[in-house]
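Notebook open, model loaded. I wanted a quick look at one helix first, then at the make-up of a whole chain.

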Amino acid sequence: MSASSDVGYHAQRQARWHYGEVAFWLIVLGCGFLFPTRYLIMTDILRLALFAMSLDLILGYAGIVSLGHAAFFGVGAYAAGLLALHGIINEPVLALIVAGLAAMVLGFATSFLVIRGVDLTRLMVTLGIALLLEALAERFSNITGGTDGLQGIEMQPIFGQIPFDMFGKAGFFYSLAVLFLLFLLARRVVHSPFGLSLRAIKNNPLRAAAIGIPVNRRLIAIYTLAAFYAGIAGALFTQTTAIASLDVFAFERSADLMLVLVIGGTGYLYGGLIGAVVFRMLQEWFSTITPQYWQFWIGLVLVVIVLVGRQRLHRWVLFVPNLIIKQVAGRKAVVAVPESDA
Amino acid sequence: MTIALETQNLEKTFGGLRVTRDLSLRIEQGARHALIGPNGAGKTTVINQLTGVLKPNSGRILLEGQDITDLPVHKRVLRGLSRTFQINQLYPDLTPLETIGLAVSERLGHGGDWWRRMGTRGHVNGEIADLLTRFHLLDVMNEETVTLPYGKQRLLEIAVAIAAKPRVLLLDEPAAGVPESERHDILAVVGALPRDVTVLLIEHDMDLVFSFADRISVLVSGALLTEGPPEQVARDPQVKAVYLGEEAVNV
């Protein structure tokens, strides 16, 4: 039946890899070779990108707002730090996974509180959980090192082979590999029936239930997965900087993440990645120009983005590249920004 | 005759207001049953209790003889009870293809599958294509729902409910707000529903009710006023007085 194969073709349309995506990842990889002096900030961007992708999974797909995503980042960070510091798990990749799982357990446990409310309740509950954890980390300073943080973390070589070097080269490629693998997994998930059901829940939870979707179970699942991602981002932070201090739980960290997604857009996975790059670049750039007032300029940029609308900005930014692409590859090849909503 | 859907002494109050009063309905299998009543009679409240959006204060709801009073919404759907909404409840950002695809996937138990991509299961695609064709949505299957004309959205609303392959279908004012030119499609689709699907129709449009239903229940202030075949209900002086306001009804 031709209509059936037609349906199959169109249903998989968004799941297919586009040229733009391949180019994106090649450019990211290329940066690792082009800027050998900038590994530290580039690694920082990768971590932020992974962290933002985690928030995008719940915000962009399932519509769960959170102002306390740093809770999972922090748990991952401290877990990785403690594992390395006490020599419990010395191999970084294994420790990374265990740290992610620790955050995942917390995500699962707190998901029951988060799925209950509406947006405002969720903002407050997530914020509260992050503040609570920060206070706990401060209280149990014999474990966490309190305000001094965990000190003297020494990372063992990755797979026992590749040591972390002082320029951060190993850290960068390690982080990039982790980001890319988790991106592939997320990409798979969002294009599955499960991922589509999340978008349905975000669009209309009433109707989602009315076609047989177990709404709460799906929300718990994605919240737990997002917590795992955030935990991995936190663990990467500790492993690549050899520090874990109380500010991993800080409110600013959660709030910055929202800004990243405001810049990059939600619901197409690249929003967090692009947003992380732009956000850190702006931060760098503004703090070079005006070390004291850079936050003012960041604020201004955000106001402009919200007022003008990201769709229009994207169109302006992509105007010149698309003009060139059109000349080279014909009309159909233009880089289109997927629908996003934030 | 077996009973497809039944309520026993259903009661629902909002604060001090009794919106459903001791309501006992029996809907036979394969019936074309209509539930009518003036505005504020509590028709939608009844639907919401049947589907599980609202919990009754007391009374039972039986689907094919099994008590479903305490089941959540999605489990009732999987047992074969599906509904359309008076005001479209669709997914604005999703396309008809995705909307129906999801409903079919959920029914076949693939909804929780997080690894396999949409569109890679042949039998699911076949069903989606079939529904899109039946509901005249094939040409707009890749357009976002929010951009569709109202009549198409209304068709999609019904198609989504049908995609769940219900044995009992609740239609909440299916033709509400549809312009005259597009009504025909809706009525044709509703009329063409297979006879083994039991339909409970909630409707204001008397022409539609009397042309479609083989049995009518009249709800007034949350309680059952009368019930019977269309001719009998149309002649009932109580119904005329309370609901139709002396207006003559042609059967």
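Entry 1. I started with helix 2 of chain A and checked burial: of its 16 residues, the number buried is zero, so this helix lies largely in the open. Note to self: this is a predicted model.

Entry 2. I looked up where helix 2 of chain A runs, and got residues 19-34. From first C-alpha to last, the helix reaches 22 Å, close to the 22 Å expected at 1.5 Å a residue.

Entry 3. Next I asked how helix 2 of chain A packs against helix 8 of chain A, which covers residues 169-190. Their axes sit 10 Å apart, at an angle of about 165°. Angles over 145 degrees count as roughly antiparallel, so helix 2 of chain A is roughly antiparallel to helix 8 of chain A. The crossing of these two helices is left-handed.

Entry 4. Which residues meet there? From helix 2 of chain A, I listed Trp25(A), Val28(A) and Gly32(A). Across from them, in helix 8 of chain A, are Phe172(A), Phe173(A), Leu176(A) and Phe180(A). A reminder I jotted beside that list: an α-helix has 3.6 residues a turn, so residues three or four places apart point the same way.

Entry 5. I moved on to chain B and its secondary structure, which comes to nine helices and 11 strands. Its radius of gyration is 19 Å, close to the 18 Å from the globule rule for 251 residues, so chain B is as compact as a globular protein of that length. The C-alpha atoms of chain B fill a box of roughly 55 × 40 × 35 Å along the principal axes.

Entry 6. Last check, burial and contacts: 44% of the 251 residues of chain B count as buried. Among chain B contacts between residues at least 6 apart in sequence, 64% join residues at least 24 apart.

Conventions. Residues numbered from 1 in each chain as written. Chains lettered and ligands numbered in written order. Predicted model: local features only at pLDDT ≥ 70, side-chain atom pairs only at ≥ 80, totals over all residues. Helix = DSSP H or I, 4+ residues; strand = E, 2+ residues; numbered from the N terminus. Rg over C-alpha atoms; globule rule 2.2 N^0.38 Å. Buried ≥ 20, exposed ≤ 12 C-beta atoms within 10 Å, placed from the backbone. Contact = placed C-beta atoms within 7 Å. Expected span 1.5 Å × (residues − 1). Axes fitted to C-alpha atoms, helices over the stretch in contact; angles between N-to-C directions. Parallel < 35°, antiparallel > 145°, perpendicular 65-115°, else oblique. Left-handed = near helix turned anticlockwise from the far one by under 90°.
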